[in-house]
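Q: I would like to take a close look at a single part of this protein, and I would be glad of a connected explanation that a first-year student can follow.

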Amino acid sequence: MYTQAMSVGPQDAASKAEDARLMAAFDARIDAGDFIEAKDWMPDHYRKTLVRQISQHAHSEIVGMLPEGNWITRAPTLKRKAILLAKVQDEAGHGLYLYSAAETLGTSRDQMLDALHTGKAKYSSIFNYPTLTWADVGVIGWLVDGAAIMNQVPLCRCSYAPYARAMIRVCREESFHQRQGYESLLTLMREGTEAQKAMVQDAVNRWWWPSLMMFGPPDDASPNSEQSMRWGIKRISNDALRQKFVDATVPQADILGVKLPDADLKWNAERDAYDFGAIDWDEFWRVVNGEGPMNRERLSTRVKAWNDGAWVREAALAHARKQAAKEQKEAA
């Protein structure tokens, strides 16, 4: 292994010139709208930014199975149980696509999961809220998956090709999840009892503001956004995505017959968009920093699942080694 550095002194002029040439070529590709593949040269900060974003996205899909998985055994009908089970399985698949995309950048699945389990890595703040009633499942489909789609569709044009390709399938499935959640709520609001309708409204009241927080902090408080947009990792700013979500969701709420819990929500003809109230960013940062209603429970559940599944991973690896040895023996 001839990788030991023979010099630890300052970078020589030729090396600096080569780095500048590579950076200029990389910037030109980004400006031209090209996709960057895993084996292409990329600056270290671009790679690190992608590892952080994609792994966080993967963690969110895996942790995001927990709030709805809580209702699989309590779904009101066999049909609803089957739909919810399929949706939770889809989320697991999304996590696997995304972990695989992140691995192309040189990090390992074990490294990413260790960062999650030790609290070093973040996941979406929305999954640190409890699902108190069956209506929460429908509202998560409508609002949370709706916000996710708004966030994720632009990622299908992300400059890093493995991430963009993974997002195409993820977005197709998330779109189905959003429609299914909305249909579930529509059924409750049109055919349900007054108590069931009140249950839907209560769920909307609790999930509306956390859903708006899903787009991240305001642009002037988002330190990574400017560079991510310069590199084509992110295509639309946090505030612009949040506005698009509000504008799309208000008419849907009117059809459902629910009231969004914002006294300042009103149409602004001059902006051709809805004005909405101030978001409680103190709450957002509390949840992001581990002080949300369910942070500790969500993380401990993931760690327990990982530890309890150790024997499965060990058995799979033992079988793989056995098969490889058998194939090698047959080939000899």
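Which residue follows helix 10, and is its phi positive or negative?

A: This is a predicted model, and in it helix 10 is followed by G257, whose phi is positive, near 90°. The helix that ends there runs through residues 238-256, which makes 19 residues, and the distance from its first C-alpha to its last is 27 Å, close to the 27 Å expected at 1.5 Å a residue.

Looking along helix 10, one finds that several of its residues are buried, among them N238, L241, R242, F245, V246, T249, V250, A253 and L256. To read such a list, it helps to know that an α-helix has 3.6 residues a turn, so residues three or four places apart point the same way. The buried residues of helix 10 pack against a number of other elements, including helix 6 (134-152), helix 7 (161-191) and helix 8 (194-213), as well as helix 9 (225-230), strand 2 (273-275) and helix 11 (281-291).

One of these partners, helix 6, leads on to the interior of the model. The largest nonpolar core has 77 residues, and those with the most contacts inside it are Y46, L50, I54, W142, Y160, Y163 and W207. Helix 6 provides the largest share of this core, with 11 residues. As for Y163, if residues up to four places away in sequence are not counted, its contacts include L50 and I54, together with Q53, H57, L98, A101, L155 and C158.

How values were computed: Residues numbered from 1 in each chain as written. Predicted model: local features only at pLDDT ≥ 70, side-chain atom pairs only at ≥ 80, totals over all residues. Heavy atoms only, no water. Helix = DSSP H or I, 4+ residues; strand = E, 2+ residues; numbered from the N terminus. Expected span 1.5 Å × (residues − 1). Buried < 20%, exposed > 50% of the residue type's maximum accessible area, 1.4 Å probe, protein only. Contact = heavy atoms within 4.5 Å. Core = buried A, V, L, I, M, F, W, Y, C linked by side-chain atoms within 4.5 Å.
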